[in-house]
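Student: I am new to this structure and should like a close look at a single part of it, the sheet together with the helices that pack on it. Please describe that part in one connected account.

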Amino acid sequence: MVGIDVQIPSAFDPFSEAKDSGAPGAKEYVHIRIQQRNGKKSLTTVQGLRKEFSYEKILKDLKKELCCNGNVVQDKELGKVIQLQGDQRKNVSHFLVTAGVVKKDQIKIHGF
């Protein structure tokens, strides 16, 4: 008889490293949305940041950098959400990338 060495392939998950890594936003996206208020007034919301981050410190830096007012709202379904006055979508995304909070490909900008 001829001895044949057969290797049975095991289940390999190519994305296991990404799931286990502690990279900011590895599993989820950060969503930046705009909500229309009354007339020309609008509200920018940021959701999906990791829970390890201090939302209050991020908000303080955002308010200082963008010269606008804002607050952190606790939502039952979405968790903590940062709200800022005005249309600040591009400014917030640029700030989060330069501050190293998230990577550029992990940000989703919604709105008109």
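Tutor: The account below begins with the model itself, then follows the sheet strand by strand, and ends with the helices.

This is a predicted model, in which local features need pLDDT of at least 70 and side-chain atom pairs count only at pLDDT 80 or more, while totals for chains, interfaces and linings use all residues. Residues are numbered from 1 along each chain as its sequence is written, and side-chain values use heavy atoms, with hydrogens and water left out.

The pLDDT (the predictor's confidence in each residue, from 0 to 100) averages 84 over the protein chain, and 77% of the residues score at least 70. Helices and strands here are DSSP runs (H or I, at least four residues, for helices; E, at least two, for strands), numbered from the N terminus. Among these elements, helix H3 (residues 89-98) has the highest mean pLDDT, 95, and helix H1 (residues 16-20) the lowest, 50. Where pLDDT is low, the predicted coordinates should not be read in detail.

The sheet is open and mixed in its pairing, with five strands in the order S3-S4-S2-S1-S5. Two strands count as paired if DSSP finds at least two bridges between them. Strand S3 (70-75) and strand S5 (107-109) are the edges, each pairing on one side only. On average, neighbouring strands of this sheet are turned by 25° against each other, direction ignored.

From the S3 edge, six bridges join S3 to strand S4 (residues 79-85), and the two run antiparallel. Asn71 has Gln83 in S4 as its bridge partner, and a hairpin of three residues connects S3 to S4. S1 and S2 are also antiparallel, paired over six bridges; here Ile34 has Thr44 in S2 as its bridge partner. Five residues lie between the strands in the hairpin of S1 and S2, where Gly39 takes a positive phi near 70°. At the other edge, S1 and S5 run parallel and are joined by three bridges, with His31 opposite Lys108 in S5.

Turning to the helices, helix H2 (residues 55-66) lies across S3 and S4 and runs at about 10° to S4. H3 packs on the sheet as well, touching strand S1 (30-36), strand S2 (42-47), S4 and S5, and its direction makes about 160° with that of S1. Contact means heavy atoms within 4.5 Å; axes are lines fitted to C-alpha atoms, for helices over the stretch in contact, and angles run from 0 to 180 degrees between N-to-C directions.

The two helices H2 and H3 pack at an angle of about 125°, their axes 11 Å apart. The contact is made by Asp61, Leu62, Glu65 and Leu66 of H2 with Asn91, Val92 and Phe95 of H3.
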